[in-house]
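Please look over the sequence and the model below before reading on. The paragraphs that follow take the ligand as their starting point and then turn to the backbone.

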Amino acid sequence: MDRRTLHGVVIECVTGDIVRQSDMDAIVNAANAQLRPGGGVAGAIHRAAGPGLDEECREFAPIEPGEAVITSGQQLPNRFVIHCLGPVYGRDEPSDRLLASCYRNALRLADQADIGALAFPAISTGAFGFPMDAAARIAIGTVADEASKLRSVRHVRFVLHDPEDQALHVRVLQELLE
Ligand code: AR6
């Protein structure tokens, strides 16, 4: 099964595109330190959101690995974007703790903004080189650890580009929540 419920929070793993999650209140950006468009997820989000997002991001940049900031969704179907800077694997250490901080900080910002549903991409697993399996354990493990503390967040979706990555996330979800 590709979804589980923990402390009233639905955690699910789907194959798809992070900019096509119109039923979510917020999507998470796998950002760069300057919060500029760039490639991968960040490029797709800025393209779909329009130039207003780049402008809105300026006052928050630069951010550090593990940090998260929140903006509006501009022209996206989502009310908010939460921008996380993941660690560059092999450079920003301890990379596992920094990656966990991204997820924890994003969830806390979402809760503070009264967000009910939030979609994450697999932060750091593209240009930043984090191995998918280890990243999936950290991502799902951190959401599971935070679930009992969340007040407004009731739905967390992991959106994976590649069906194999989605299957891996489903296995990790089953293992961790058994
Ligand atoms: N929807 C869902 N997942 C996607 C999408 C999409 N539209 N596009 C890529 N992925 P990355 P990072 C997957 O590189 O590793 C940027 O240039 C992708 O297959 O976007 O945190 C920024 O400007 C991979 O598994 O993020 C930064 O400089 C995952 O999303 C840097 O890359 C993350 O890939 C951030 O690197």
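A polar contact is a pair of N or O atoms within 3.5 Å. The model shown here is a predicted one, and its ligand offers several pairs to which that cut-off can be applied. A backbone N or O atom of Gly 39 lies 2.9 Å from an oxygen atom of the ligand, so this pair counts as a polar contact. Ile 18 also takes part through its backbone: one of its polar backbone atoms is 2.9 Å from a nitrogen atom of the ligand. With Thr 125 the side chain is involved instead, as an N or O atom there is 2.7 Å from an oxygen atom of the ligand. On its own, the ligand has 700 Å² of accessible area, and the protein covers 85% of this.

Now consider the surroundings of the ligand as a whole. The ligand takes up the space of the largest pocket. How many residues surround the ligand? There are 21, and the closest are Asn 32, Val 41, Ser 124, Thr 125 and Gly 126. Sorted by class, this shell has 11 nonpolar residues, nine polar ones and one charged one. Helix H1, which spans residues 40-49, gives the largest share of the shell, with four residues.

The next stop is the start of the chain. Strand S1 (residues 3-6) and strand S2 (residues 9-15) run antiparallel and are joined by four bridges. Arg 4, for instance, has Ile 11 in S2 as its bridge partner. The two strands form a hairpin with two residues between them, and in this hairpin His 7 takes a positive phi near 50°.

Some backbone angles deserve a general remark. Most residues other than glycine have a negative phi, and most peptide bonds are trans. Besides His 7 in the hairpin, Leu 35 has a positive phi, near 60°. Leu 35 lies in the loop between strand S3 (26-30) and H1, the helix that gives the ligand shell its largest share.

Which peptide bond involving Pro 62 is cis? The bond joining Ala 61 and Pro 62 is, with omega about 0°. Pro 62 is found in the loop between helix H2 (51-57) and strand S4 (68-72). Another cis peptide bond runs from Glu 93 to Pro 94, where omega is near -5°. Pro 94 is in the loop between strand S5 (80-84) and helix H3 (95-112).

Key:
Residues numbered from 1 in each chain as written. Predicted model: local features only at pLDDT ≥ 70, side-chain atom pairs only at ≥ 80, totals over all residues. Heavy atoms only, no water. Near = heavy atom within 4 Å. Polar contact = N/O pair within 3.5 Å; in protein donor to acceptor, adjacent residues only side chain to side chain. Areas by Shrake-Rupley, 256 points an atom, 1.4 Å probe, with all protein chains shown as cover. 1 Å grid on protein atoms, 1.4 Å probe; cavity = no way out; pocket = protein on both sides within 12 Å on 5 of 7 lines; lining within 4 Å. Sits in = over half its atoms within 2 Å of the grid points. Nonpolar A, V, L, I, M, F, W, Y, C, P; charged D, E, K, R; others polar. Pairing = 2+ DSSP bridges.
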